[in-house]
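Thank you all for making time for this. I would like to walk through one chain with you, piece by piece, and I will begin with a single residue before turning to the whole.

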Amino acid sequence: MMKKINWRLWAPFIVVATLFTNSLYAETPKLSSFNADYIVYRAGKKHGEANRYLKITEQGYQAGYSSDISWMIFSDSRRETSDFILEDGRIKPLRYTMQRSGTGPDRYYELNLDRQQNILREGKNRKPKDVSWQEDWLDQISYQLQLALDLKAGQTEFHYNVLNRHGDSKMYHYKVVAEEMLPLPYGNIKTLRIARIEQNSDKQIYAWVAPELDYMLVRLWRGEDNVEQFDVQLHKLDFTPAIQASASP
């Protein structure tokens, strides 16, 4: 019987959610609703499932992520949402939530971005966080949506100012590094491979997006010292293209 939990081995599964979202995109600054199912692998074996969605709301948009993962005696179930608006091709987050349960303590996190007063509020009680407001903030879900929009616009290198679940920000750097034909449970598809660029890090993160699916995220791979920690692959996808606005005469 295992007496000590090796959290270092379990941690890579937990971070799946922080990396797991992008969007479908129309020529005009609109987003397409979608629902995508994924299989989570490690060393070629299935260890769980994940889902991502994007829907239109009265306020703007909501993107969501959920996963249920198990490995040996460990389990991790989580739900994340990001509510945001889209202005001039830029995503502006309004509210982010994350609920986690499974091995270890349950957790709940919430961020509210008050854009009228330029205040970041943290937790269920929406306590103001003592930080200077930054207009380019994105949350753990919405930054991947912005990456999809920027890819659609022809960019190949990206920097995003991302808030973590505690409301602290960090600059994320990504770059397109290759074009690849990828075999997936969903089928064979042409993709762009994107790498996260980090200095002095032993972690490797690669994401594959499919231009023919409006830059949908179709695979995510993470390693440490070039040893695979998880491999998440698209299994099923349904989406509703956004209605494009008519061009001005």
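Let me start with isoleucine 73, which counts as exposed because its relative accessibility is 53%, where the cut-off for that word is over 50%. This isoleucine 73 sits in the loop that runs between strand E4, residues 61-71, and strand E5, residues 74-87. If you look across from there, the C-alpha atom of threonine 103 is 8.2 Å from that of isoleucine 73, although the two residues are 30 apart along the chain.

Before going further I should say that what you see is a predicted model. Its average pLDDT is 87, and 85% of the residues score at least 70. One stretch to treat with caution is residues 21-28, where the pLDDT is below 50, even though the model gives this stretch 43 contacts beyond near neighbours in sequence. Another is residues 244-249, again with a pLDDT below 50, and here the model has five contacts beyond near neighbours in sequence. Where pLDDT is low, the predicted coordinates should not be read in detail.

Now the chain as a whole. It has 249 residues, of which 53% are buried, and its secondary structure amounts to two helices and 16 strands. Among the contacts with a separation of 6 or more, 45% are between residues 24 or more positions apart. The accessible surface is about 12600 Å², and carbon and sulfur atoms account for 47% of that.

Turning to the interior, the largest nonpolar core holds 58 residues, and those touching the most other members are Tyr38, Leu54, Phe84, Leu151, Leu213 and Val218. The element that gives the most to this core is helix H2, residues 142-152, which contributes six residues. That helix is mostly covered, with 10 of its 11 residues buried, and the buried set includes polar residues as well as leucines, among them Ser142, Gln144, Gln146 and Asp150 alongside Leu145, Leu147, Leu149 and Leu151. Just beyond the end of H2, glycine 154 adopts a positive phi of about 100 degrees.

Let me move to the strands, and to E7 in particular, which covers residues 107-114. Why do I describe E7 as largely enclosed by the rest of the structure? The reason is that six of its eight residues are buried. On one side, E7 runs antiparallel to strand E6, residues 90-102, and six bridges join the two, with methionine 98 opposite tyrosine 109 of E7. The hairpin that E6 and E7 form has four residues between the strands, and in its turn glycine 104 has a positive phi of about 90 degrees. E7 also pairs with strand E8, residues 119-122, in an antiparallel arrangement of four bridges, where asparagine 112 stands opposite arginine 121 of E8. That second hairpin likewise has four residues between its strands, and asparagine 118 takes a positive phi near 55 degrees.

Further along the chain, strand E14, residues 203-210, is described in similar terms: six of its eight residues are buried, and it is therefore largely enclosed by the rest of the structure. Four bridges connect E14 to strand E13, residues 187-196, with the two running antiparallel, while eight antiparallel bridges connect E14 to strand E15, residues 216-224. Tryptophan 208 of E14 is a useful residue to follow here, since arginine 193 stands opposite it and arginine 219 is its bridge partner in E15. The hairpin of E13 and E14 has six residues between the strands, and asparagine 200 in that turn has a positive phi of about 55 degrees. In the hairpin of E14 and E15, with five residues between the strands, aspartate 214 in the turn has a positive phi of about 55 degrees.

My last stop is histidine 173, in strand E12, residues 169-184. Is histidine 173 buried or exposed? Its relative accessibility is 19%, so histidine 173 counts as buried, given that the cut-off is under 20%. The side chain of histidine 173 makes a polar contact of 2.6 Å with the side chain of glutamate 157. Leaving aside residues up to four places away in sequence, histidine 173 touches Glu157, Phe158 and His159, together with Ala195, Arg196 and Ile197.

Notes: Residues are numbered from 1 along each chain as its sequence is written. This is a predicted model: local features need pLDDT of at least 70, side-chain atom pairs count only at pLDDT 80 or more; totals for chains, interfaces and linings use all residues. Side-chain values use heavy atoms; hydrogens and water are left out. Buried means under 20% relative accessible area, exposed over 50%, partly exposed in between (1.4 Å probe, protein chains only). Contact means heavy atoms within 4.5 Å. Accessible areas come from the Shrake-Rupley method with a 1.4 Å probe; for residues, only the protein chains shown count as cover. pLDDT is the predictor's confidence in each residue, from 0 to 100. A nonpolar core is a set of buried Ala, Val, Leu, Ile, Met, Phe, Trp, Tyr and Cys residues joined through side-chain atoms within 4.5 Å. Two strands pair if DSSP finds at least two bridges between them. A polar contact is a pair of N or O atoms within 3.5 Å; within protein, one must be able to donate a hydrogen and the other to accept it, and residues adjacent in sequence count only if both atoms are side-chain atoms.
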